[in-house]
Amino acid sequence: MESKILKSLPVLFFLYHTTTATSASPHWDYDDPTPWWAIEDTTQPAPRSYPYAECGVGQHQSPVDLAAVQLTSKPLNQLAALYGADTATFFNSGHAVQVNTSIGYSGGLKVGEETIPLIQFHFHEPSEHVINGDHFPAELHFVHINEDGRIAVLAVAIELGEEHPAFQTVLDNMPTQGGESNADTGIQIDPAVFLPQQQSHNNLEYFTLAGSLTTPPCSEGVQWYLLADPITISEAQLEQFKSFYTNNARPAQDVNGRAILSNK
Ligand SMILES: [Zn+2]
């Protein structure tokens, strides 16, 4: 059973995380060799002077190498991506290309009986989750946050292939400056167009594990749902994407005995 699931992993995929540091949080990036946990906020007394400590001391950090995680196949909650068209805000977060949903947007991720609102989705290049150290060209993270603050991220691997029309819309309307947003286009996007078309969106095939945000403050308690099929963008789109951010992917973190469950 395990070898069968492992074989399906390359076609599969993965997920993760959210974002936005507040303006009061200290700067971080993907290039500085200083580990995120060691970044100090000198305006704060201890222990708040290390706001990203969880990036270092956390035991359930994301992303991970899927080949390093024990896989178990079992009946799980039905997972449904109940999205719908929305007036998109194109947001360059300073770390990623992101689309924010509008206030009052009713779309969300239904896990069993609970629906968790979709707040934003964003892209990493290359993928954050890896398989035996191998990256996909990119990875999409749908970020859902409940009223009580719990986070669920739905991750979709991105491979090279057919051009993705909606991804082109995202690229063409994205501000070039970090921290800027473009809310004035009136363009409608249905996030569901970024889901694998070969899957039933009301009953997704997925892998799930406990993890964290993949950016500071690396908060844990994030439930990850990784879809078993990728979507595609074209090579030209990947190149345009890289003109915004490249290598905005956190390395794989220690698994620390976590299991990954599959409903396949
Ligand atoms: Zn992410």
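Q: What makes a residue count as buried, and what share of the 264 residues of the protein chain does so?
A: A residue is buried if 20 or more other C-beta atoms lie within 10 Å of its own, exposed if 12 or fewer, and partly exposed in between, with C-beta atoms placed from the backbone. By this rule, 40% of the 264 residues of the protein chain are buried. This is a predicted model: local features need pLDDT of at least 70, side-chain atom pairs count only at pLDDT 80 or more, and totals for chains, interfaces and linings use all residues. Residues are numbered from 1 along each chain as its sequence is written.

Q: How many helices and strands does the protein chain have?
A: Helices (H or I, at least four residues) and strands (E, at least two) are DSSP runs, numbered from the N terminus. The protein chain has 4 helices and 17 strands.

Q: What radius of gyration would a compact globule with 264 residues have, and what is the value for the protein chain?
A: The radius of gyration is taken over C-alpha atoms, and the globule rule is 2.2 Å times the number of residues to the power 0.38. For 264 residues the rule gives a value near 18 Å, and the protein chain agrees, with 18 Å. Along the principal axes, its C-alpha atoms fill a box of roughly 50 × 45 × 35 Å.

Q: Which residues have the most contacts inside the largest nonpolar core?
A: A nonpolar core is a set of buried Ala, Val, Leu, Ile, Met, Phe, Trp, Tyr and Cys residues joined through C-beta atoms within 7 Å. The largest one here has 59 residues, and Val153, Ala155 and Val156 have the most contacts inside it. Strand E11 (residues 151-160) supplies the largest share of this core, 8 residues.

Q: Where do the side chains of strand E2 (residues 79-82) point?
A: They alternate: Leu79 and Ala81 are buried on one face, whereas Ala80 and Leu82 point to the other and are not buried. Two strands pair if DSSP finds at least two bridges between them. E2 runs antiparallel to strand E6 (residues 108-111), joined to it by 4 bridges, and Leu79 stands opposite Val111 in E6.

Q: Which residues of strand E5 (residues 97-100) point one way, and which the other way?
A: Val97 and Val99 point one way, Gln98 and Asn100 the other way, and all are buried. E5 pairs in the antiparallel sense with strand E4 (residues 89-92) over 4 bridges, with Thr89 as the partner of Asn100. The two strands form a hairpin with 4 residues between them, and Gly94 in the turn has a positive phi of about 95°. E5 also pairs with E7 in the antiparallel sense over 4 bridges; there Gln98 has His122 as its bridge partner.

Q: Which peptide bonds are cis, such as the one from Glu125 to Pro126?
A: The bond from Glu125 to Pro126 is cis, with omega near -5°, and Pro126 is in the loop between strand E7 (114-124) and strand E8 (130-131). A cis bond also joins Pro216 and Pro217, with omega about 10°. Pro217 is in the loop between strand E14 (206-212) and strand E15 (220-227).

Q: Where does Asn247 lie, and what is its phi?
A: Asn247 lies in the loop between helix H4 (235-242) and strand E17 (259-262). Its phi is near 60°, a positive value in a residue other than glycine, and Asn247 is exposed, with 10 other C-beta atoms within 10 Å.
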